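Reader: Got a minute to go through a structure with me? I'd like to talk charges and helix faces.

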Amino acid sequence: MTHTQRFNQISHAELPDEGPSKSQRKRESHALQDLGEELVNLAKDALARVPMPENLERAVKDCRKITAHEGRRRQMQYVGKQMRTLHESEVEAIRRALDVIKGVSKAETAKLHALERWRERLLAKDEALTELLAQHPQADAQQLRTLIRNARREQAAQKPPKAFRELFQALKDLLGTGSSHAETSDDVENELPEFPTREED
């Protein structure tokens with residue numbers, strides 16, 4: 001090994017570990033700020049399912065109460081500050097909980113869209129009711145026919161959509177979407193991660 005090679009090897013070994021770059025730290029800070037904002041915008045029941053330390057939970061709940069733009073902006077910055085005090089494992093637990101909650105939300109939205117499509121088909125053509133009854137023979141055919149007829153009359157006369165809404169509820173009860181929400185909530189509760197316990201330094 002030449003003198004130059006030995007010098008380069010020693011110099012490289014003695015280089016200090018500079019850690020994350022300034023731009024990387026900035027990106028991580030923005031990501032935590034965005035995550036905190038996501039917590040603030042969660043529905044109340046969903047927020048209750050996210051594991052987090054008391055100081056962050058208090059900051060998030062305080063922010064949700066503020067309506068003034070400038071006050072809310074300052075409180076959001078404080079939420080971000082609290083997010084940056086979390087350990088990596090704590091942040092990951094929050095991310096996993098949000099992923100579970102958002103997955104459930106997407107599933108519920110898809111079910112509601114399916115119900116809306118059924119309602120549109122039932123109002124558009126009579127054959128749709130025959131198809132629905134074939135798939136769900138336990139359905140109350142007379143009730144559905146009455147609701148469909150009344151909803152069509154409402155639309156033709158441009159009246160308030162009472163039967164239109166009742167038809168949606170009847171479909172919701174028939175297709176099981178009404179009871180699935182409770183089951184889904186239980187599934188979410190089971191899938192949510194435990195908040196990690198910090199080890200004393």
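Author: Sure, we'll take salt bridges, then a charged patch, then a helix; note that this is a predicted model.

Reader: How many salt bridges does the structure hold?

Author: Seven.

Reader: Which residues are joined into one network by shared partners?

Author: Arg152 and Asp126 form a separate pair to cover too, with 3.0 Å from N to O. That pair links distant parts of the chain, with Arg152 in helix H8 and Asp126 in the loop between H6 and H7, 26 residues apart. As for the network, shared partners join Glu70, Arg73 and Arg74.

Reader: What are the N to O distances to glutamate 70 there?

Author: For Arg73, the closest N and O atoms are 2.5 Å apart. For Arg74, they are 3.6 Å apart.

Reader: Where do Arg73 and Glu70 lie?

Author: Both are in helix H5, residues 69-83, three residues apart, about one turn of the helix. Arg74 also lies in H5, four residues from Glu70.

Reader: Is Glu70 buried, exposed or in between, and why?

Author: Partly exposed, because its relative accessibility is 36%, and the partly exposed range runs between 20% and 50%.

Reader: New topic. Which residues form the negative surface patch?

Author: Glu28, Glu88, Glu92 and Asp99. Helix H6, residues 88-124, gives the largest share, three residues.

Reader: And Glu88, buried or exposed?

Author: Exposed, with a relative accessible area of 73%.

Reader: Last one. Which residues of H7 are buried?

Author: Ala128, Leu129, Leu132 and Leu133. They fall within an arc of 135° seen down the axis, so they line one face of the helix. On the other side, Glu127, Thr130 and Ala134 are exposed.

Methods. Residues are numbered from 1 along each chain as its sequence is written. This is a predicted model: local features need pLDDT of at least 70, side-chain atom pairs count only at pLDDT 80 or more; totals for chains, interfaces and linings use all residues. Side-chain values use heavy atoms; hydrogens and water are left out. Patches are made of residues with over 30% relative accessible area and no salt bridge: like charges are joined within 9 Å, nonpolar side chains (Val, Leu, Ile, Met, Phe, Trp, Tyr) within 5 Å. Accessible areas come from the Shrake-Rupley method with a 1.4 Å probe; for residues, only the protein chains shown count as cover. A salt bridge is a side-chain nitrogen of Lys or Arg within 4 Å of a carboxyl oxygen of Asp or Glu. Lys and Arg count as positive and Asp and Glu as negative; His and the chain ends are not counted. The place of a charge is taken as NZ of Lys, CZ of Arg, CG of Asp or CD of Glu. Helices (H or I, at least four residues) and strands (E, at least two) are DSSP runs, numbered from the N terminus. Buried means under 20% relative accessible area, exposed over 50%, partly exposed in between (1.4 Å probe, protein chains only). The arc is that of the directions from the helix axis to the C-beta atoms.
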